[in-house]
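Please open the structure in your viewer and keep the sequence at hand. This tour proposes a series of selections and states what is found at each.

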Amino acid sequence: MRTVAKGLLAAGVAALAWVGLGGCFWISKDLPATTTVFFSDLIGNVDGPGEVTVTVAQVPCDGLAALAVGWGGIGLRFDPAQFQVTDVQGVNGFVVLAKFIDNTGGEVRFVAVNPGAGVATGDVVRIIGARLGAGDAGLTVEEGNLQLAGACGDLVATYELTTGRGAQYFVKEGQGCAGWD
């Protein structure tokens, strides 16, 4: 997996063009000044579909072109009694090239790239599945197990990692937008 992930990450780093995010997009005045990776809370009704959104903010180097979760060992951990992952999907031009889902142990790893652009601020991946319980999903990920690559070809070595809340903006296509309180 490590050799495949490195090769896939290198392929994603080659992306150089900028693609618009589409829809309405307003950035809150409280947006972090440094590169940030957000893993949202598990969103969804009990016994229905659920999802965790991975979002980035303030990515330098022409935006994020590749993201590997589980790079250094363990990926995103979750409580399998609360959430069962069925898929990992790229958004805003990102394509998931490799994924590993372990619903028994509660872990997901993936490599996502944007072959045509970099995303400086926005959603990049949705981890989807079924929400099984109303409790805490137990989402954890270690900063050392992520690898970020910018569209300019450089690794993004310094960033903040936040789990359990959404990014500090709100996107709703075709309607007004508001900052996150």
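A disulfide is taken here to be a pair of cysteine sulfur atoms within 2.5 Å. The model on display is predicted, and a search of the whole structure finds 1 disulfide in it.

**First stop: the disulfide**

Select Cys61 and Cys152, and show their side chains: these two residues form the disulfide, with their sulfur atoms 1.4 Å apart. The angle about the S-S bond is -80°, and the link of Cys61 and Cys152 is left-handed.

Which parts of the chain does the pair tie together? Cys61 lies in the loop between strand E3 (48–57) and strand E4 (64–69), while Cys152 lies in the loop between strand E10 (146–150) and E11, so the link joins parts that are 91 residues apart in sequence. With a surface displayed, turn to Cys152, which is partly exposed at a relative accessible area of 36%.

**Second stop: the sheet**

Next, change to a cartoon view and select the strands E6, E9, E3, E2 and E11. In that order they make up an open sheet of 5 strands, with mixed pairing. Strand E6 (83–90) and strand E11 (160–163) stand at the edges; each has a single partner strand, so one side of each is left without a neighbour in the sheet. From one strand to the next, the twist averages 15°.

**Third stop: one edge of the sheet**

Finally, select E6 together with strand E9 (residues 122–131). The two pair in the antiparallel sense over 7 bridges. Which residue stands opposite Gln89? Select Arg126 in E9 to find the residue facing Gln89.

How values were computed: Residues are numbered from 1 along each chain as its sequence is written. This is a predicted model: local features need pLDDT of at least 70, side-chain atom pairs count only at pLDDT 80 or more; totals for chains, interfaces and linings use all residues. Side-chain values use heavy atoms; hydrogens and water are left out. Two strands pair if DSSP finds at least two bridges between them. Helices (H or I, at least four residues) and strands (E, at least two) are DSSP runs, numbered from the N terminus. Axes are lines fitted to C-alpha atoms, for helices over the stretch in contact, and angles run from 0 to 180 degrees between N-to-C directions. Buried means under 20% relative accessible area, exposed over 50%, partly exposed in between (1.4 Å probe, protein chains only).
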